[in-house]
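Open the model in your viewer and keep the selection panel at hand. This tour goes stop by stop, with what to select and what is there.

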Amino acid sequence: MKNKEHTRQVRDTVVKKFKAGFGYKKISQALNIPRSTVQAIILKWKEYQTTANLPRPGRPSKLSAHTRRRLRCRDAAKRPMITLDEMQRSTAEVGDSVHRTTISRILHKSGLYGRVARRKPFLKDIHKKCCLKFATSHLGDTPNMWKKVLWSDETKIELFGNNAKRYVWRKSNTAEHTIPTVKHGGGSIMVWACFSSAGTGKMVKIDGKMDGAKYRTILEENLMESAKDLRLGRRFVFQQDNDPKHKAKSTMEWFKNKHIQVLEWPSQSPDLNPIENLWKELKTAVHKCSPSNLTELELFCKEEWEKMSVSRCAKLIETYPKRLTAVIAAKGGTTKY
């Protein structure tokens with residue numbers, strides 16, 4: 001009790017001498033206390049108008065302010081794929097041994113959370129330029145225009161789960177620190193499908209290697225029927241990516257003979273195709289069914305594709321202008337889509 005009273009008297013004396021015009025050095029010499037202590041007392045008095053101990057929100061942090069800044073600015077920001085174990089070892093090297101959850105809480109307070117890194121195609125400058133041009137030129141299109149588009153794509157679906165996930169530190173609703181991928185790098189089956197704002201169209205399993213002739217057969221047997229089922233009318237617009245078999249001369253002649261308008265499409269632009277969102281939902285739904293062989297995998301794929309709600313499809317098309325705006329904001333780069 002006496003020590004607390006003595007400490008209080010010292011603090012009050014420091015403030016009185018400071019008010020009387022004494023400097024830090026003279027106060028330190030007069031009271032025989034470190035100059036840094038005098039400075040801390042004066043700074044506290046200036047900020048709070050008191051030198052008494054103030055209530056603190058919980059126990060003091062085990063990590064120094066310097067170590068916390070290093071975790072946020074050097075480790076997580078500059079090395080977004082660093083793990084909690086690596087950061088724990090890093091702090092231990094400077095003498096701050098703490099639990100992983102402590103490090104996690106510090107990063108959370110800074111707005112950094114562990115998220116699965118999105119797998120995105122590697123974009124060259126020419127790809128970004130083309131995506132930006134597409135988004136800019138179509139930003140003013142009417143909602144009815146997008147309702148007339150029949151979106152298509154191929155994807156691979158694995159029998160046993162998705163590709164391995166990799167966690168990164170990033171702020172919410174951002175698309176930084178993605179993992180570059182190459183399209184169709186492996187999988188159990190390959191399927192082609194299409195959809196519009198009115199719902200999903202046909203889905204076809206692709207047997208063997210896809211070439212121009214096989215692609216045209218798929219279009220011949222499924223494209224017009226899908227457009228009819230979705231009530232798109234004869235003046236619909238067909239979307240496909242720039243795969244060589246899609247852009248082959250004989251394939252483009254087929255579209256011309258069928259009087260089908262094909263949407264000009266930039267290469268390496270999955271963020272612009274809303275069917276990518278349906279692919280993700282499809283794969284999640286299919287793997288919840290736990291198929292045990294390729295036959296079941298194909299069956300579940302077609303069943304879950306047909307179950308996709310019309311409202312979900314309509315929402316993807318209704319919000320398409322926001323997708324274009326995001327691409328423009330990213331200057332043609334990757335987005336959260």
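## Stop 1: helix H12

Select H12 and colour its buried residues: Ile-275, Asn-277, Leu-278, Trp-279, Leu-282, Val-286 and His-287. Keep in mind throughout that this is a predicted model.

Now show what surrounds the helix. The buried residues of H12 pack against three strands and three helices: E3 (149-157), E6 (189-196) and E7, then H13 (294-307), H14 (310-318) and H15 (320-329).

Next, check the length of H12. The helix runs over residues 275-288, which makes 14 residues. At 1.5 Å a residue the expected span is 20 Å, and the end C-alpha atoms are 20 Å apart, so the two agree.

Step just past the end of the helix. Ser-290 comes just after H12 and takes a positive phi of about 55°.

## Stop 2: from Trp-279 to Asp-153

Stay on Trp-279 and select Asp-153 as well. Their side chains make a polar contact at 3.2 Å. Asp-153 belongs to strand E3, one of the elements that the buried residues of H12 pack against. Is Asp-153 buried or exposed? Its relative accessibility is 3%, so Asp-153 counts as buried. Trp-279 is among the buried residues of H12.

## Stop 3: aromatic pairs

Hide the polar contact and show the rings of Phe, Tyr and Trp. How many aromatic pairs does a search of the whole structure find? The search finds ten.

Begin with Phe-18 and Trp-45. Their ring centres are 6.2 Å apart and their planes stand at 70°, so this pair is edge-to-face. Phe-18 sits in helix H1 and Trp-45 in helix H3 (residues 35-48), so the rings link distant parts of the chain, 27 residues apart. Switch on a surface here. Phe-18 is partly exposed, with a relative accessible area of 23%. Trp-45 has 18% relative accessibility and counts as buried; the cut-off for buried is under 20%.

Move to Phe-238 and Phe-255. The ring centres of Phe-238 and Phe-255 lie 5.6 Å apart with planes at 35°, so the pair is tilted. Phe-238 is in strand E8 (residues 237-238), and Phe-255 is in helix H11 (residues 249-257). This pair too links distant parts of the chain, 17 residues apart. Both rings belong to buried residues: Phe-238 has 0% relative accessibility, and Phe-255 has 1%.

Then select five residues together: Phe-134, Trp-146, Trp-151, Trp-265 and Tyr-320. Ring pairs link them into a cluster.

One more ring to visit. Select Lys-17 and Phe-22: the charged end of Lys-17 sits over the ring of Phe-22, 5.0 Å from the ring centre.

## Stop 4: salt bridges

Switch to charged side chains. The structure holds eleven salt bridges. Three of them follow.

Select Asp-12 and Arg-8. Their closest N and O atoms are 3.0 Å apart, in a salt bridge. Both residues lie in helix H1 (residues 2-19), four residues apart, about one turn of the helix. Asp-12 is partly exposed at 29% relative accessibility. Arg-8 is partly exposed too, with a relative accessible area of 39%.

Go on to Arg-100 and Asp-85. Their side chains meet in a salt bridge, with N to O at 3.0 Å. Arg-100 lies in helix H6 (residues 100-109) and Asp-85 in helix H5 (residues 84-93). The pair links distant parts of the chain, 15 residues apart. Both count as partly exposed: Arg-100 at 34%, Asp-85 at 33%.

Now pick Glu-225 and Lys-202. Here a salt bridge joins the side chains, 3.3 Å from N to O. Glu-225 is in helix H9 (residues 212-229) and Lys-202 is in strand E7 (residues 199-206), so this pair ties together parts 23 residues apart in sequence. Glu-225 is partly exposed at 39% relative accessibility, and Lys-202 is partly exposed at 26%.

For the last selection, return to Arg-8 and Asp-12 and add Glu-5. Salt bridges with shared partners join Glu-5, Arg-8 and Asp-12 into one network.

How values were computed
Residues numbered from 1 in each chain as written. Predicted model: local features only at pLDDT ≥ 70, side-chain atom pairs only at ≥ 80, totals over all residues. Heavy atoms only, no water. Salt bridge = Lys/Arg side-chain N within 4 Å of Asp/Glu carboxyl O. Helix = DSSP H or I, 4+ residues; strand = E, 2+ residues; numbered from the N terminus. Buried < 20%, exposed > 50% of the residue type's maximum accessible area, 1.4 Å probe, protein only. Expected span 1.5 Å × (residues − 1). Contact = heavy atoms within 4.5 Å. Phe/Tyr/Trp six-rings, centres within 6.5 Å; stacked < 30°, edge-to-face > 60°. Lys NZ or Arg CZ within 6 Å of the ring centre and 35° of its normal. Polar contact = N/O pair within 3.5 Å; in protein donor to acceptor, adjacent residues only side chain to side chain.
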